[in-house]
Amino acid sequence: MFCLRSKTAAAVTVAVWIVSLSSCVATTFQQHPVFMECIAEPSTCLNLVITDQALTGSIPTEVGLFTNLVWIELRPVLQDVEDAVQVNKLTGILPTELGQLSALTMLEIQSEGKENQLRGSIPSQLGYLTNLVHLAITNRLTDSYGLTGTIPSQLAQLTKLTYLDFQKNSLAGTIPSEIGSLTLVAELNLRARLDGGGLHGTIPTEMGMMQSLQKLVLDNNQLTGGLPSQLGNLPLTDLSVTHNFGLSGLIPGVFWDLQGPTPARLVLGFTQLCGAIPPTARSSVSPGNCPDGVSSGFCLP
């Protein structure tokens, strides 16, 4: 029984596929009816949306043939993440052919399940997708290491991005300074696995140019140095850097009066950041537990 729920057409030839789990079982990407129909008519394949269907196998390189594709969403909606039928068990690497989809505005691939083996690095060819608005390649469960390698500097070419999420993968290297070019990004999540290596080096001062940034999550990495004062010029409402034991130094005063649309929440636990919280602070602090046993997490006077 196929899981196909609808195929709609507009005045121009448009195919939009939406897949429902309903009575379906896991299937390989190549055998999925959505993929098979797109192979048959590549020019009509605009949206590849599989949000509650279990997938196995690798992402086929043939996706590069669907050059009119504007939306890819492989994000299972799960009732129980331990259900072997309902979770993705993707294998292999992200195909570099994704970089041929120049019309793409949405790319979200969410990995789930104990048997997920999606591996490899983030293809630098994604930097060719200059129409992307939303980019999320995430690893939701802690029993899979996910993607490795560095964050390609070529992603700085994605100047239309408003959302960037690589959380809970096993990325390494530094945060590229070129990321400051992404001035429309409102949410950036680079949270690492708690038991993984994580990103190292300092937080680039160039991130202070990301003038739309409201939520920044850098948890569980190996970042060092201090909080760049340049970040204090951003409209941040959430800043989380917990479990970066190498972060240290005084918290710049500008962070206590961040001018986001709502008062900011700072999560600074398990770092060596220090500073007295002024009584007039607009920002609230959630330090969490601290390795030195100080409940506040700060070097208060």
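**Exercise 1. Find how much space lies in the largest cavity, and which residues line it.**

Step 1. About 60 Å³ of space lies in the largest cavity. A cavity here is a set of points, on a 1 Å grid over the protein atoms alone, where a 1.4 Å probe fits but cannot get out. Grid points are joined across faces, edges and corners, and a volume is the space filled by probe spheres set on the points.

Step 2. Look next at the lining, meaning residues with an atom within 4 Å of a point. Among the lining residues of the largest cavity are Ile151, Pro152, Leu155, Leu164, Glu178 and Leu182.

Step 3. Four cavities of 30 Å³ or more turn up in the structure.

**Exercise 2. Decide how far to trust the model.**

Step 1. This is a predicted model, in which local features need pLDDT of at least 70 and side-chain atom pairs count only at pLDDT 80 or more, while totals for chains, interfaces and linings use all residues. Residues are numbered from 1 along each chain as its sequence is written, and side-chain values use heavy atoms, with hydrogens and water left out.

Step 2. The mean pLDDT (the predictor's confidence in each residue, from 0 to 100) is 82 for the protein, with 77% of its residues at 70 or more.

Step 3. Now pick out the weak stretches. Over residues 1-24 pLDDT stays under 50, and the model has 54 contacts (heavy atoms within 4.5 Å) for them beyond four places in sequence. Residues 289-297 also stay under 50, with 12 such contacts.

**Exercise 3. Work out how strand 10 sits among its neighbours.**

Step 1. Start with the inventory: the protein has one helix and 20 strands. These are DSSP runs, numbered from the N terminus: helices are H or I with at least four residues, strands E with at least two.

Step 2. Check burial, where buried means under 20% relative accessible area, exposed over 50% and partly exposed in between, with a 1.4 Å probe and protein chains only. Six of the six residues of strand 10 (residues 134-139) are buried, so this strand is largely enclosed by the rest of the structure.

Step 3. In a regular strand the side chains alternate between the two faces of the sheet. Strand 10 is covered on both faces, with His134, Ala136 and Thr138 buried on one side and Leu135, Ile137 and Asn139 buried on the other.

Step 4. Find the partners; two strands pair if DSSP finds at least two bridges between them. Strand 8 (residues 106-111) runs parallel to strand 10 and is joined to it by six bridges, with glutamine 110 partnered by threonine 138. Strand 11 (residues 163-165) is also parallel to strand 10, through three bridges, and here histidine 134 partners tyrosine 163.

**Exercise 4. Locate the disulfide and describe its geometry.**

Step 1. Search for cysteine sulfur atoms within 2.5 Å of each other, the cut-off for a disulfide. The whole structure gives one: cysteine 38 with cysteine 45, their sulfur atoms 2.2 Å apart.

Step 2. The torsion about the S-S bond is about 65 degrees, so the disulfide is right-handed.

Step 3. Finish with the surroundings: cysteine 38 is buried at a relative accessible area of 1%, and cysteine 45 is buried at 1%.

**Exercise 5. Trace what alanine 192 touches.**

Step 1. Alanine 192 lies in the loop between strand 12 (187-189) and strand 13 (200-202), and is buried, with a relative accessible area of 7%.

Step 2. Beyond four places in sequence, alanine 192 touches residues including Lys168, Gly198 and Asp219. Alanine 192 and aspartate 219 are 27 residues apart in sequence, yet 6.3 Å apart from C-alpha to C-alpha.

Key: On a 1 Å grid over the protein atoms alone, a cavity is a set of points where a 1.4 Å probe fits but cannot get out, and a pocket is an open set with protein on both sides within 12 Å along at least five of seven lines; lining residues have an atom within 4 Å of a point.
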